Amino acid sequence: MGQRKFLAASVLAMLSLAAPAFAHPNHNAPAPLAPWQQASIWPDRIITTFETDPTTSFSVTWRTDGSVTQAVAEIVLARPDARFDLGATRKAADSEPLDLETIKTAGQELKMTWNAGLAPVTYHSINFDGLQPDTLYAYRVGGGDGKWSEWFQIRTAPKSGPIKFLYVGDAQNGVLSHWSRLIRAGYQKMPDARFIIHAGDLVNRGSRDIEWAEWFKAVGFIHGMIPAIPVSGNHEYDSFGVGPAQRRLLSAMWRPQFRLSSVESLPATLRETVYKVAYGPDLDIFVLDTTSEDLASQAAWLDQALTQSKAKWRIVTMHHPIFSSGQGRDNLSRRNLLLPVFSKHKVDLILQGHDHTYARGTIAETDPQRPERAVVGGAEDVAMMFVNSVSGPKQYKFKSTRWDEYAPSGVRLDRFGEGTQFFQTIEINGGTLAYRAYAATGELYDSFEMSKDAAGKKQVTKGPAATMEQRTYGPNFPYRDFKDPQ
């Protein structure tokens with residue numbers, strides 16, 4: 001992890017102008033330590049991600065206490081034999097220490113008061129490469145003195161064929177108590193998902209260890225078997241300093257616990273928060289960091305990356321929505337910069353979070369000579385589909401104007417919801433993309449099917465009928481701002 005260590009150090013050094021005090025209004029006090037929060041010599045917080053080509057590789061990250069400075073991992077082809085593990089290959093992991101109480105940068109110390117009492121930890125990671133496509137592997141990771149995790153099974157990406165995956169918006173609050181139900185329901189609905197997109201605000205305070213402890217506990221073994229594609233949201237950033245000197249910095253825990261692709265052409269502050277996942281030849285996923293102040297570099301990179309993309313389907317995922325569904329939460333500057341890039345390349349699907357509501361809408365593919373929407377036989381010509389969703393219990397009201405003010409952009413709101421946690425399943429099979437939005441109870445709330453021909457023309461038809469009525473606030477769904485454990 002030499003390069004990754006250098007990257008983390010260089011990012012902190014670049015941001016060392018921040019005042020050496022941590023400023024956040026409320027909740028600065030450390031939380032009581034849960035017995036499952038403390039690190040030990042045994043591996044925990046095991047998560048798989050993509051750093052390189054998913055058809056031939058996958059990455060794993062895990063944590064131990066600070067006494068473990070070196071770790072190993074083993075991998076073997078998964079077989080039905082009881083002793084499938086015989087003949088496993090062992091590889092040394094990259095290891096990176098992290099002081100949870102203090103970030104040291106350029107001679108300054110940034111105190112993390114809410115992590116007071118937590119001992120230093122070590123994050124370990126490895127990229128298993130040279131694997132066969134669409135093949136089931138078993139792996140395990142080691143802590144100190146032969147302390148091993150259980151064996152996990154994971155399948156590499158196919159070179160062709162169907163792709164299934166899950167997408168969730170903000171978890172953020174009530175993560176262990178309430179979000180756990182939702183993410184596990186998603187796994188039950190699509191246990192053969194190839195990955196999970198988390199569209200930002202995975203936790204409420206990105207530098208607070210107890211919140212990540214809850215996030216990893218809520219997901220459990222799932223991320224050891226189904227890789228995550230994490231998106232950084234505004235709550236993965238924290239405010240340092242006060243007054244004019246205040247700066248928002250990405251949590252120091254982000255890069256150690258997620259091993260992701262680093263785009264060398266981007267500024268160091270954007271690496272491992274802005275990246276591309278090419279999942280086989282049919283799907284390219286582009287991840288943006290819309291909390292970063294450097295959106296111009298991202299827009300330029302995205303424009304170039306979309307131009308070079310040969311995938312049949314292109315998906316962009318980011319935290320702040322292009323078309324906001326919350327009162328007073330419009331993202332005009334982001335829309336002005338990013339929407340022209342999306343429109344130029346007719347991005348198929350934009351998956352977002354942030355607004356703690358559900359919203360889905362389309363921009364139609366129109367003929368300049370006939371600007372009205374073309375609907376023939378129940379199929380509508382479309383250019384792009386936008387989704388905002390929320391998976392956690394913290395919910396907002398949808399603004400009364402819906403998306404009316406965005407009409408000049410050509411977007412139309414097709415379905416919205418309030419007061420409900422959702423997960424989404426997406427399946428791509430050749431020229432067809434099937435989308436479903438479910439409540440935590442497994443009831444279908446929204447769906448559509450998008451088809452694309454060889455020339456790139458897209459049409460959308462309605463999917464199966466929803467089994468739920470329109471969800472809005474009412475006597476049974478009062479607003480509550482969920483608080484995290486103190």
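Helix α3 is followed by G220, a residue with a positive phi, near 65°. The structure is a predicted model. This report starts from that helix and then turns to the whole protein and to two loop residues.

**Helix α3 and its cover**

Helix α3 spans residues 209-219 and is mostly covered. Ten of its eleven residues are buried. The buried set holds D209, I210, E211, W212, A213, E214, W215, F216, A218 and V219. Charged names such as D209, E211 and E214 are thus listed beside W212, W215 and F216.

What lies over these buried residues? The cover includes the strands β1 (44-49), β2 (58-65) and β12 (196-198). It also includes the helices α2 (175-189), α4 (222-225) and α5 (254-257).

**How α2 meets α3**

Two packed helices are described by the angle between their axes and the distance between the axes. For α2 and α3, the angle is about 35° and the axes are 8 Å apart. The crossing of α2 past α3 is right-handed. On the α2 side, the contact is made by V175, L176, W179, S180, I183 and R184. On the α3 side, E214, W215, K217, A218 and V219 take part. By type, the residues of this contact divide into seven nonpolar, one polar and three charged.

Some of the α3 residues in this contact also appear among the buried ones: E214, W215, A218 and V219.

**The protein as a whole**

The protein has seven helices and 27 strands. Of its 486 residues, 59% are buried. Take the contacts with a separation of 6 or more: 73% of them join residues 24 or more positions apart. The accessible surface comes to about 19,000 Å². Carbon and sulfur atoms hold 53% of that surface.

**Two loop residues with positive phi**

Which residues other than glycine have a positive phi? D134 is one of them, and R402 is another. The table gives their values.

| Residue | Phi | Loop between | Relative accessibility |
|---|---|---|---|
| D134 | near 50° | β8 (121-128) and β9 (136-141) | 35% |
| R402 | about 55° | β22 (379-388) and β23 (411-417) | 28% |

Are these side positions buried, partly exposed or exposed? D134 counts as partly exposed because its relative accessibility is 35%. R402, at 28%, also counts as partly exposed. The buried class requires under 20% and the exposed class over 50%, so a value of 35% for D134 falls in between.

Note on methods. Residues are numbered from 1 along each chain as its sequence is written. This is a predicted model: local features need pLDDT of at least 70, side-chain atom pairs count only at pLDDT 80 or more; totals for chains, interfaces and linings use all residues. Side-chain values use heavy atoms; hydrogens and water are left out. Buried means under 20% relative accessible area, exposed over 50%, partly exposed in between (1.4 Å probe, protein chains only). Helices (H or I, at least four residues) and strands (E, at least two) are DSSP runs, numbered from the N terminus. Contact means heavy atoms within 4.5 Å. Axes are lines fitted to C-alpha atoms, for helices over the stretch in contact, and angles run from 0 to 180 degrees between N-to-C directions. A crossing is left-handed if the near helix is turned anticlockwise from the far one by less than a right angle, and right-handed if clockwise. Ala, Val, Leu, Ile, Met, Phe, Trp, Tyr, Cys and Pro count as nonpolar, Asp, Glu, Lys and Arg as charged, and the others, Gly among them, as polar. Accessible areas come from the Shrake-Rupley method with a 1.4 Å probe; for residues, only the protein chains shown count as cover.
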